[in-house]
Amino acid sequence: MKYIKRIRDLREDHDKTQQQIADLLGTSQTMYARYERGANELPLRHLITLCQYYKVSADYILGLSDTPEKL
């Protein structure tokens, strides 16, 4: 589940808190923290939002590509 590391790294690289990303996704900080720990799977709608926000491909977040291609 490479996406767990990728979503955390992307958040930290953009100097965002879990709360800020949770607000973007319309969820709680607790639930977002569970995504980063792998306790809950990231819903598709959140994956799409994160791709648009960070301007990377879904393949990059999912670990299918090592190139964070811009959309």
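Is D66 buried or exposed? At 59% relative accessibility, D66 counts as exposed; that label takes over 50% relative accessible area, while buried means under 20% and partly exposed is anything in between, using a 1.4 Å probe and protein chains only.

A quick word on what you're looking at. This is a predicted model, where local features need pLDDT of at least 70, side-chain atom pairs count only at pLDDT 80 or more, and totals for chains, interfaces and linings use all residues. Residues are numbered from 1 along each chain as its sequence is written, and side-chain values use heavy atoms, with hydrogens and water left out.

**Charged pairs**

Side chains of opposite charge can pair when their charged atoms come close. Here a salt bridge is a side-chain nitrogen of Lys or Arg within 4 Å of a carboxyl oxygen of Asp or Glu, and the count by this rule is 5. The table has three of them, including two that involve D66.

| Salt bridge | Closest N and O atoms |
|---|---|
| K2 with D66 | 3.6 Å |
| R6 with D66 | 3.0 Å |
| R11 with E12 | 4.0 Å |

K2, R6 and D66 hang together as a network of salt bridges. R6 sits in helix α1 and D66 in the segment after α5, so their pair ties together parts that are 60 residues apart in sequence. K2 is in α1 too, 64 residues from D66. Helices, by the way, are DSSP runs (H or I, at least four residues), numbered from the N terminus.

The partners of D66 differ in how much they show: K2 is partly exposed, with a relative accessible area of 42%, whereas R6 is buried at 10%. As for the R11 and E12 pair, R11 is buried at 10% and E12 is partly exposed at 42%.

**Helix α4**

Now for α4, which covers residues 44-54 and has H46, L47, L50, C51 and Y54 as its buried residues. They lie on the same side of α4 because they cover an arc of only 140° around the axis, taken from the directions from the helix axis to the C-beta atoms. An α-helix has 3.6 residues a turn, so residues three or four places apart point the same way. On the other side of α4, you'll find L44, R45 and Q52 exposed.

What covers that buried side? The cover includes α1 (2-13), α2 (18-25), α3 (29-37) and α5 (58-62), with contact meaning heavy atoms within 4.5 Å. Just after α4, K55 takes a positive phi of about 60°.

Notes:
Helices (H or I, at least four residues) and strands (E, at least two) are DSSP runs, numbered from the N terminus.
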